[in-house]
Amino acid sequence: MADADVVERFAAFLRERHLPVTQQRLAVADVLLRAAGHLSADDVAAQLAERGERVGLATIYRTLDLLVSCGLAEQRDFGEGFKRFEASRDVPNHYHLTCTMCGSVTEFYDARIVDIIRRVADHRGFVPSQHRLLVRGTCRACRKTPTVLDRRPL
Ligand SMILES: [Zn+2]
Ligand SMILES: [Zn+2]
């Protein structure tokens, strides 16, 4: 179960902005904020359906955007043609290895990446406010599958 406080924080955010605090919005927040992974709007819809909650995709998209606006969730783009969302966690700036065969996502963090960006930016008098790193490829499990042709590495 997601931290009840987190869903309550979302409700407070909605009230502050005079936006309706609906059962549907709270259900979307609860699904995303309790999930460990990176969910698309369709994933959220499927999980809501499993729970017997009927929430339209437009409401799901809008609610996911609101969760990002209030800082409780992060939006991810793994180059799949649609967005994914994950609950914000303490890890400040983690990166993702996304497998194009099975869709698995492995998270990692390496301070050297941040360091390189900082140095490159510094050198040009540039102040970075955000950055994104996309690493797509084939995970270990998929590379072991004999039916899968090994993709040429980078
Ligand atoms: Zn894989
Ligand atoms: Zn992640």
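**Exercises on helices H3 and H4**

H3 passes H4 in a right-handed crossing. The model is predicted: local features need pLDDT of at least 70, side-chain atom pairs count only at pLDDT 80 or more, and totals for chains, interfaces and linings use all residues. Residues are numbered from 1 along each chain as its sequence is written.

**Exercise 1.** Determine which residues of H3 and H4 meet.

*Solution.* Step 1: helices are DSSP runs (H or I, at least four residues), numbered from the N terminus. Step 2: contact requires C-beta atoms, placed from the backbone, within 7 Å. Step 3: on the H3 side are Ala41, Val44 and Ala45, which meet Leu57, Ile60, Tyr61 and Leu64 of H4. Step 4: the residues of this contact comprise 7 nonpolar, no polar and no charged (Ala, Val, Leu, Ile, Met, Phe, Trp, Tyr, Cys and Pro count as nonpolar, Asp, Glu, Lys and Arg as charged, the others, Gly among them, as polar).

**Exercise 2.** Establish where the buried residues of H4 lie around its axis.

*Solution.* Step 1: a residue is buried with 20 or more other C-beta atoms within 10 Å of its own, exposed with 12 or fewer, and partly exposed in between, C-beta atoms being placed from the backbone. Step 2: Ile60, Thr63, Leu64 and Leu67 are the buried residues of H4. Step 3: these cover an arc (of the directions from the helix axis to the C-beta atoms) of only 105°, and therefore lie on the same side of H4. Step 4: Ala58 and Ser69 are exposed on the other side of H4.

Conventions
Chains are lettered from A and ligands numbered from 1 in the order in which they are written. A crossing is left-handed if the near helix is turned anticlockwise from the far one by less than a right angle, and right-handed if clockwise. Helices (H or I, at least four residues) and strands (E, at least two) are DSSP runs, numbered from the N terminus. Two residues are in contact if their C-beta atoms, placed from the backbone, lie within 7 Å.
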